Structure formats: C-alpha cells, structure tokens
Amino acid sequence: MLKSKTKGAIVASAILIGLGGLHPAVAAEKILKIGAPLPLTGPLAPDGARLKSGYDLWAETQNAAGGIKAGPDTYKVEIVYTDYQSNTPRAVQSAERMISEDKVDAIFAPFGSGATKAVSAITEKYGVPMIASNAASVQVFDQGFKYLFGMYTPNSTVTQPLVDLVMKTNPSVKRVAVLARNDLFPLAIAEELTNYAKSKGLEIVSDQKFPIGSVDFSSALTQIRAANPDWIYATGYTNDMIMIRKQMQEQGVKTQLITMLIGPTTPEFIEGTGKLAENVVTSSWWDVATKFKGEDVFGSAENFDRLYRKRNNNGYPDYSVASAAACGAVLQLAITKAGTVEKSKVRDQLAAMDTDTFFGHIKFGPTGQISSLKPPVMQIQNGTPAVVYPPEIKQSELRFDPK
Amino acid sequence: MTRLQLSLVLVATAILLAMPLVGGNYVLRLATIMLMYATLAMAWNFIGGFAGYPSFGLAAFFGLGAYAGGVVQSTGVSIALAWLAAVAVGTLFALVLGFILLRLRGSAFAIATLVVTEVLREVTNGWTGLTGGGMGLNLPFFGWSPSALSAFFFYAMLALTAVTFVTTFIVAHNRLGFGLTCIRQNEDAANIVGIDTTRYKIYAFTLSGGFAAATGGIYASWIGYIEPGDVYDVLFSIKPIVMVLLGGMGTVFGPIFGAVAFLVLDEVVWRSFLELNTGILGLLIVILILFLPAGLASFDVRSLWRRAVTP
Amino acid sequence: MILFQYLSNGLILGGLYACIAAGFSLVWGVLSIINLLHGSFIVLGAYIAFFSYTVLGIHPFVSVITSGIVLGALGYVVQLGLINRVVAQSVLVTLILTFGLELIMNNAMLVAFSANYRKVILEHSLGVVEIGNIFIPLDRAASTLIAFLLILALWLCLRLTSIGRAIVAVRFDREAALLMGIDVKRTYAITFALGGAMAGAAGSLLSVSFPISPLSGPLFLSKAFVICILGGVGSVPGAALGGLIFGMLESFGAIFFGSEYALTLSFVVLILLLLVRPHGLLGVKGF
C-alpha cells in the first residue's frame, strides 16, 4: 500500500508543478485581462451574483463599442472569474493565482471591506491596480497603498448628512435605537452613526447587535419597543431588513422614522414588505434617479439602467451593480488616457482622474477612496424610492410617521 | 523506519527545500497550503487516528492559534514571539478542554468538539475590543518583496510540518503511541491492564491542539487578515479527517499522503468548476467515504465492538 | 409586563423549533446517524411551499403535506441508497458522509434557486392580535400550533402503529429487534423518511414567517442539535420539550446577554448538558 501511495503522491506533485507552469496560449488579438474573484457560493452568494452581473454588463457593452483603446492598440475585455466561496483566504489565493498565472492587468476587488483589504496586500505587492466596487470602510484604505481605489465614499458620508437632515426637518426626533448586524460593514456604519448622533445631542436609547444569519428578531425588537425610540436605525443586508421590518409590525414597534441600510431600494425588499416599506429611509451610493451623465461607455445613468434591464430580464440595477460596472468604466477611462495598459501608468491615471461618469463625478482622494460623491438619501414613497437628499437632485421631501 | 521510507523522506525533503528556487509564487502558495493541511492532518491523527476519539474540533484550535498569534503580532512584537504565543494558548486550551471533554465518548465527544468551534467563533466575534470582532484583524505587513514573503512562509510551514512529522514518528514508536492504540481498540480493557488512559488521552489531545494552533498562527501572519468566520471554519475540522481516513488512520505517513492526494483533487475541482466546485467537492468526499481503501475496514470491526460495549 | 412578551415570543418560536428537531432526533436515536442533511431538507421543504404558493396559490399550511411527502420520499431513497452502506460504522464516517451529501445538496439548491432570499408574502395574512400589551403574530402562532400537532401525530404513530413500534424497538436494541424478526433495514429507511418528512413539513411552516435561502440550512441544523441534546436524543416528546426550552432560552437570553450571543449561549448549554446529563431531560426512557 505504501508503494502505490508513494507513486500517487509523486504523480500528484508532478501534476501540481505542471499545472503551475502552464501558461495560456497567446491570442492573436490584444486582450485586456481583468481578474474578478467573486463569492459565488457561501453566505455572500447573492452579492457575488450581483457584482458579476455588473461586471458582465460592462464587459459586453465595452466590447460592443469596439473594446478599449490604448494608444495605437485596441484591447478586447476579458474578465477572469473565480469563486472564493465567501472565504477571504480563498479570495487572496485567487488574486495571487490571477496575477502570477493568468497575468491579469487589473483586479476588481472581491465583495466587502474585509476581503478587499486582504487582497489589497497582494495587489500592492505586485503593483496591480485594484478597483473596489463595494468597500466603504475607511479602515480598508488606511495602509497607504498606491494601487488601491474604491468607488464608495467613506461611511461618514452616509450617516452624517442623514442625521443633519433629520434633525433639521423634525426637531422632535430625539431618541435613537440602533440595531446592527455583527458584521464588518454594518457594524462600522452603526458605530459611525452612534458617534455622530451622540455628538449632535441625540440620545441612543438602545444599541444592539444581532448575529449573522439571524431570522428571528423578536427579542431585540421587544427591547426596542420598551425603549420607545423616535428613530430606529438598522444595519445589515437586505434579507435582515425585510425580516426586521416585518417583525417590527408583529411586535407592535412604532416609531417616527425607520432607516435601514442596506436593502430598502431593492425590489426584494419592496415586494417582501409590501405596504410596510412605505416611508423607510435608506442611503445609497447611486440610483438611476440621480440622472448622472458622463464620458464613459454607458454615457448616462439612464442608459446604464436601460442596458441593464435589457440584459437582465428587467431586473433592477441597485447601486452595488452600478458600482461594479463603474469599476470597468473607470478603468477604461484611465487606460485610454494613459495610452497604454502598463500597470503603473494606468495607476497614475486613476489617481489623477477627475471625470464625469454615469456613476457620478469620479475623483479619488489621497487614500484611494473616492471623494467626489455624495451618497443620495432615498425614501420609499408610494411604493418607489424617491431621492430626498442632496438638494441638487432631490425629488421629494423627507416624511415622518406620526408619533 | 525502513530504508525505502527513509530514502523517500530524504527525496521529498530535498524537493521541498528546493521549491522556492524553482517554483513560481503561486505554486509556492499551493505547496504552503499543502504543508499546512499535512500538519493539520497529522495534528488530528494524534487524537483521532491513534486514540480513536472522533474530534471535530480541530478548527477551534486552528482559529485560536490564528487569533492568539494575530493579536500578539498586532501589538508590534516579533513574528516568532507571536507564533510562540499561538502555540502556548492553543496547548493550554487543549489541556483544559481535554480535562473536561475527554470523559465523553463517541457521538457525544464528536458533538462537543464540533460545538466548541462555534462557541469560540462567536466569542471571538463578540470580543471586538481585542479581536476586532466582525471587522476582522489586520496583521502588519513587513514590506518584503512577494517572492521573499512567499519563500519565508513556505519555509516556516515546512519547518512546522517537519516538527509535527518527527513528533508523530516518535509517538508512534514509543509507549504513548502504543497506549493510544490500545485505547482506540478497547479503552476499558486498556484501563484494566494498567494504562493511564486519562493521561494518555490528554497528551494526545494537547499535542493535537498545540500543533493545530501553531498552524493557525503561521496562517494568520501569512494571509495578513483574519475574520472569525474564516478561521473557525468547520471545514478545517472536516478536511483533515477525510485526509487521514484517505491516507490511513494512526499511521505515520498516512496523513501526509492523504493531505496531498485530497488537496490535488480539491485544487483541480476548484479550478475547473466555477459554480459547482463546492458540490463536486462534496461528491468527492462522499465517494471517498463510501469506497475507502482496506485500511478503514479493520478500523470498523473494532469501532463496532466499542460502540456495542459503550452505553 | 414586557416579560410576558418575551414568554409569548419564546413559546411561539419553541413550537417551530420543536418541529425542526423532532425528525432529526428520531434519526439520531434510531440509526445513530447525525444527519447533516437535515438543514437542507428543511430548506427544500420551504422552497416547495414557496413555489407552491407563488405559482399555484397553495397556502403553505397545505404544502406541509406535499413537502412532507416529497422530502419523505427523498429521505427514503437517500437512506436506502447511500446511508445504508455506512449505517453501522463509526460516527466519524457517518458524519462525514452526511457532510459531503450536504455540500452537494446545498450547492445544487444554490444553482437551482440562487442564493437570494425568497419570502412567502401571504395575501391574506392573519395579522397581529394584541392582548394586554402582548403582540401575537397570528400566522406564526398558527404555524406553531400545526407544528405541535405534527409532533403529536408522529408520537402517536410511534406508539400505536406497528411500524412505529418497530422503530422504537430498533431504537432500544437493534440486535434484539433483529432477533424478533423486524426488518431492520426497512425500519431504518422508514425512520429516515419520517425524519425527512418532518423536516419538509417544518420547512413549509417556517416559510410563512422566515425568508428562505440555501444559506439558512446550517442555522436550523445548529438549533436542532442543541434541542436534541436538551430533550434527549431519539425522544419525540423530548424534542417538543427541548424546543420550548430552547425558544425560551433564546428569547430571555437576549435580555441578559444580548441577541448576538443567543447561539453561543445555547452551545454552552449544550456542552454542559453533554457533560452532566447526556441523555437529555427525558432520558433514554422517553420515546
């Protein structure tokens, strides 16, 4: 038995070393390869699918428009995907594989702040530009990396304007209850909000966390009910929000304003909660209502919306999808401006960018995180999301429920 | 050790030592992963293979080592000290947990160890001040080149694997190994003939926990960012078991061969199937379990008898 | 007064949890198999209810029957075809086998249904009733009631039908049952089928109140674990009692430890129970 096992091990090692040495055949036309590790299985699967739809839409649209022009050459876009199974170390492994074996020219970051931060260590080491569609926490960008760019503004741009708006519009709102999912991004937002609200004189009457994967919130909501808040701020992901909103009604929780991050603008939420969605407020990094216009391949928010719906069975493009596609759009602008696909030059053009796109005006701050966007605040009014902030693009006024 | 085995070990060692010089970074990464799992498999082998106690808690020690090492490293201390801390914490916890849990047998022991992982994960998640909780723990990045870093961690893992291997060899050929094998075959009889089963079991469990924790410590430094869900992952408990079952329970070389064979399959499946890789891995595990080599059959008879005798 | 709200919440949850655990406990007690597929069976039952409602307009409570049948059949086939080969082997082997099967089933559902959470939105919801200061969601209360009825039915089946008594006999002493002429293999298959059926039914009941996704499986499984140990492995009344206690633990535990520790708390209780009273509250005698 030992001998056959030995042979097996030797053969296995040989295969592995062989696989390691394989290089894809060089194609005749020029191809721009972008690596995109995605969580296609595991708890983050829904988000992975959304990101993929955004990336695919961009690649298709860009190629249909003739590819990416870089100096005298034109490149066809090819995205290399792997499934990192919602597991950060796999994401890191994927990135390294894409860089050393597939020889990608750029990387689209994995989903979420944690995985993005882990992978950024790799891309920085190798000097490969990485654009993150879905990382907002400032902690992701605090390592002084030069090759990392993020499409979301920091969490404070999401929480602070809303607090100011609420306090201005309805001074009777004083008591705030916070309910956060025990997960990186929702916790970060909740912490931001709590600190800012306190600094502005609001009282945090309840501050709770719920474990990832919870489906029952009756205990937490009973506590909230006992605390009698004017404003309930819940953070988590769409399915958490649907459950919380429904169970709020089941538990008799009443309040003047409900804010939920993220989820209320998705069709799942609106269908899932029906009438209960009315007046729920959320912040979003983009919505078709913003009506942005730009120099990218999509040209305008409305065109992006139209193309997405056409390709995805009239599905709704929420901001995470738009952000994903925007990564591609921004990359193309940088490459064309640089006149080459050489990584360091593309990186420089990304750092210098100051352009309008369908996603908004793009300018990256010194840490690589975008600094030029103002996340709109949206409220579900009459069953559809309406923009209530910032004043430049608002469609409606913020509404409150009676005390 | 037979001459064949010795020459194999020497050849393998030579290949491994030379790898950073010939392999690219990605191959080195794969090799490091392989060494890591080989170590985990050998760690499990002490309690599961030799002693026959079905521990499903390897991930608990792995995660504990990762966090202990990680937390210490983020205070700025040298990486070697961080790893020492990982081993210390893991060994201590194994000692204490062993005292408590090793009085259970069979299913009860399996469940308890499985659950310990979950508890540790939630505690780590909640202890935000120390561990960063759900926001994860970032480990400082000491600006070496990618190649240098790959080589460094490869050699670190190789060293650990070597130490674990030597320990396994020593245990297999001395009283402890013999005692553990007796416990596996029939614990009550072992007690009667005068083997201090409690002490031996605790030794095995502690060895298992300590090596798993060491692996976790190196792993955390290597990846640079850990989250409770990543390291307290039940797959770190299950995969090593499958590897040891594949390679041969309670043997010296078994875990290593099992690890290599399983990981090659795992990597090939992962590369080849985008959306189905988890399912196909499951299929592989099912096939392996149903059609395992003859090594498993003899284990069965004994375990059947043990189950019949145990209340 | 607010304590009564927690009590009500705990009771309602408890019934649903008991239903989740009953089938799992039976399979564990009789076959000595820890069926890690149980969580996915529940999810599949929930999907059946979801699609029956959205496509055919059949109320999830009615789907309890259809999903029970489908999952029962699936359980029977899986047991006869796969689990039967390892049913006599160590917990190591059986646990890993069901683990592998669970990976397959989970991935299959992910590909078939996608990971997005689905929600059954009842057109004619029973609404919420307020008694004193206690809010009781009626849909959930109805689900709990049906859950208890199902458990009662299962228990009666075990006591009164010949198949039921065969199952109990095998649970207590496999060798003796064999000697008495009981077809152990068939009994195993039927037990596993019953376990599957209960899981499917539980899934349909859960679909009324909770969102469904392949990702929810492991959570239900974890709870089933603790409830089984609480109530005594293999005991159906034990599962009912364990479910209620577990529901209470979760509800009240949140007050003292915070909701985020609910699961941790239950796991600590689990370990303590394993050490102190491994046969659960109703012991080996309860069936």
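## Sheets, cores and ring pairs

Ile31(A) sits across from Lys76(A) of strand β3(A). That's a handy way into this predicted model. The two residues belong to a parallel pairing in which strand β1 (residues 31-38) of chain A meets strand β3 (residues 73-83) of chain A through eight bridges.

Zoom out a little and there's an open sheet of six strands in chain A, ordered β2-β3-β1-β4-β5-β6, with mixed pairing. At the edges are β2 (68-70) and β6 (148-150) of chain A, and each has a single partner strand, so one side of each has no neighbour in the sheet. On average, neighbouring strands here are turned by 30° against each other, ignoring direction. Helix α2 (residues 45-64) of chain A packs on this sheet and touches β1, β2, β3 and β4 (106-108) of chain A. The direction of that helix makes about 165° with that of β3(A).

Now for another strand of chain A, β14 (residues 377-381). Is it buried or exposed? Five of its five residues are buried, so the rest of the structure largely encloses β14(A). Both faces are covered, with Val377(A), Gln379(A) and Gln381(A) on one side, and Met378(A) and Ile380(A) on the other. That fits a general pattern: side chains in a regular strand alternate between the two faces of the sheet.

As for partners, β14(A) pairs antiparallel with strand β11 (residues 280-283) of chain A over three bridges, and Val281(A) stands opposite Gln379(A) there. Strand β15 (residues 384-389) of chain A also runs antiparallel to β14(A), joined by five bridges, with Val377(A) facing Tyr389(A). β14(A) and β15(A) make a hairpin with two residues between them, and Asn382(A) in the turn has a positive phi of about 55°.

On to the nonpolar interior. The largest core has 318 residues, and those with the most contacts inside it are Trp58(A), Trp231(A), Ile244(A), Phe358(A) and Phe359(A). Its largest share, 16 residues, comes from helix α2 (residues 25-50) of chain B. There's also a second, separate core of five residues, including Phe165(B), Val252(B), Phe253(B) and Phe257(B).

Phe359(A) deserves its own look. Beyond its neighbours within four places in sequence, its contacts include Met151(A), Tyr152(A), Trp285(A), Phe292(A) and Leu373(A). Phe359(A) also belongs to a cluster linked by ring pairs, together with Trp286(A), Phe298(A), Phe304(A), Tyr308(A) and Phe358(A).

Across all chains there are 43 aromatic pairs. Here are two from chain C:

| Pair | Geometry | Centre to centre | Between planes |
|---|---|---|---|
| Tyr6(C) and Phe252(C) | tilted | 6.0 Å | 40° |
| Phe24(C) and Phe225(C) | edge-to-face | 5.6 Å | 70° |

Tyr6(C) lies in helix α1 (residues 2-31) of chain C and Phe252(C) in helix α10 (residues 236-257) of chain C, 246 residues apart. Tyr6(C) is buried at 3% relative accessible area, while Phe252(C) is partly exposed at 23%. Phe24(C) is in helix α1 of chain C and Phe225(C) in helix α9 (residues 217-231) of chain C, so this pair ties together parts 201 residues apart in sequence. Phe24(C) and Phe225(C) are both buried.

Finally, the cysteines. How many disulfides are there over all chains? The count comes to zero. Take Cys228(C), whose nearest cysteine sulfur, that of Cys19(C), is 13 Å away. Cys228(C) is buried, at 1% relative accessibility. Over in chain A, Cys327(A) is buried as well, with a relative accessible area of 0%.

Key:
Residues are numbered from 1 along each chain as its sequence is written. Chains are lettered from A and ligands numbered from 1 in the order in which they are written. This is a predicted model: local features need pLDDT of at least 70, side-chain atom pairs count only at pLDDT 80 or more; totals for chains, interfaces and linings use all residues. Side-chain values use heavy atoms; hydrogens and water are left out. A nonpolar core is a set of buried Ala, Val, Leu, Ile, Met, Phe, Trp, Tyr and Cys residues joined through side-chain atoms within 4.5 Å. Buried means under 20% relative accessible area, exposed over 50%, partly exposed in between (1.4 Å probe, protein chains only). Helices (H or I, at least four residues) and strands (E, at least two) are DSSP runs, numbered from the N terminus. Contact means heavy atoms within 4.5 Å. A disulfide is a pair of cysteine sulfur atoms within 2.5 Å. Two strands pair if DSSP finds at least two bridges between them. Axes are lines fitted to C-alpha atoms, for helices over the stretch in contact, and angles run from 0 to 180 degrees between N-to-C directions. Rings of Phe, Tyr and Trp (its six-membered ring) pair if their centres lie within 6.5 Å; planes under 30 degrees apart count as stacked, over 60 as edge-to-face and the rest as tilted.
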